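Thanks for coming, everyone. I would like to spend a few minutes on backbone geometry, so please have a look at the model on the screen before I go on.

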Amino acid sequence: MDNQYFYEPAQGHGLPHDPFNAIVGPRPIGWISTRSAGGALNLAPYSFFNAFNYTPPLIGFASLGRKDTLRNIEETGEFVWNLATRPLAEAMNASCASAPPEVDEFQLAGLATAPSRVVAPPRVADSPVAFECKCSQIIRLQGASGVETNSWLILGEVVGVHIARSALRDGIYDTAGSRPVLRGGGPADYFEITPDNLFRMTRPSYP
Ligand SMILES: Cc1cc2nc3c(=O)[nH]c(=O)nc-3n(C[C@H](O)[C@H](O)[C@H](O)COP(=O)(O)O)c2cc1C
């Protein structure tokens, strides 16, 4: 038997579960708070999420389908990213319920809000890090043949950064100290980052 399994996704993976997001994982979670034009609060996790640029700092996430978060950002141009941590993991999961637009997932998940400074949507009060963002681009994703998908990439410039002082050690941000959780594959897999995951490697110089 061939020791490499190969498939072309357009023809199906032929495995018990699609391995795609178990392979591209664990992924950081975009835990996104927004406010509708009418003032309704919304909070939801997005694991098709990452950072894309330093100057200005840009982050982005993909909405698979038109969801409340996308609609709120189209209406207001603003969102907040909150760090999902192990103590907040169950609340983060509760906030993904596909509730009607008028339902406030902060309340649904039993989370307190904290005010932002630059944008209107509030932060998750107990999250040690939050980025206040202004939407920079919304891109409808398409496949290689140019066929449009029903997914949108939402990019935003980070215009305000909140860091709990307890997450800073001598002014250096301690990634593992906040115990971030990341999304694996399957219906339920997550990974927690702890200090024993850390190893260091400096970039080689050339020649
Ligand atoms: C950990 C986690 C990651 C998720 N990642 C995504 C994602 O990347 N894109 C997406 O469209 N939905 C994702 N979802 C599902 C949304 O959170 C869910 O559809 C939610 O109801 C959307 O909320 P909204 O309509 O208030 O924006 C994820 C759910 C969980 C629990």
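**Unusual backbone geometry**

Let me begin with P26, which in this predicted model sits in the loop that runs between helix 1 (20–23) and strand 1 (30–35). The peptide bond that joins G25 to P26 is cis, with omega at about -5°. Further along the chain there is P56, placed in the loop between strand 3 (49–53) and strand 4 (58–64), and here too we find a cis peptide bond, this one joining T55 and P56, with an omega of about -5°.

As background for what we have just seen and for what comes next, most peptide bonds are trans, and most residues other than glycine have a negative phi.

With that in mind, let me turn to phi. D170, which is not a glycine, has a positive phi of about 50°, and its place is the loop between strand 10 (168–169) and strand 11 (172–173). Is D170 buried or exposed? D170 counts as exposed because 5 other C-beta atoms lie within 10 Å, where the cut-off for exposed is 12 or fewer.

The other residue I want to show is R179, again not a glycine, whose phi is positive and near 50°, and which lies in the loop between strand 11 and strand 12 (181–183). For R179 the count is 18 other C-beta atoms within 10 Å, so R179 is classed as partly exposed, given that a residue is called buried at 20 or more.

Key. Residues are numbered from 1 along each chain as its sequence is written. This is a predicted model: local features need pLDDT of at least 70, side-chain atom pairs count only at pLDDT 80 or more; totals for chains, interfaces and linings use all residues. Helices (H or I, at least four residues) and strands (E, at least two) are DSSP runs, numbered from the N terminus.
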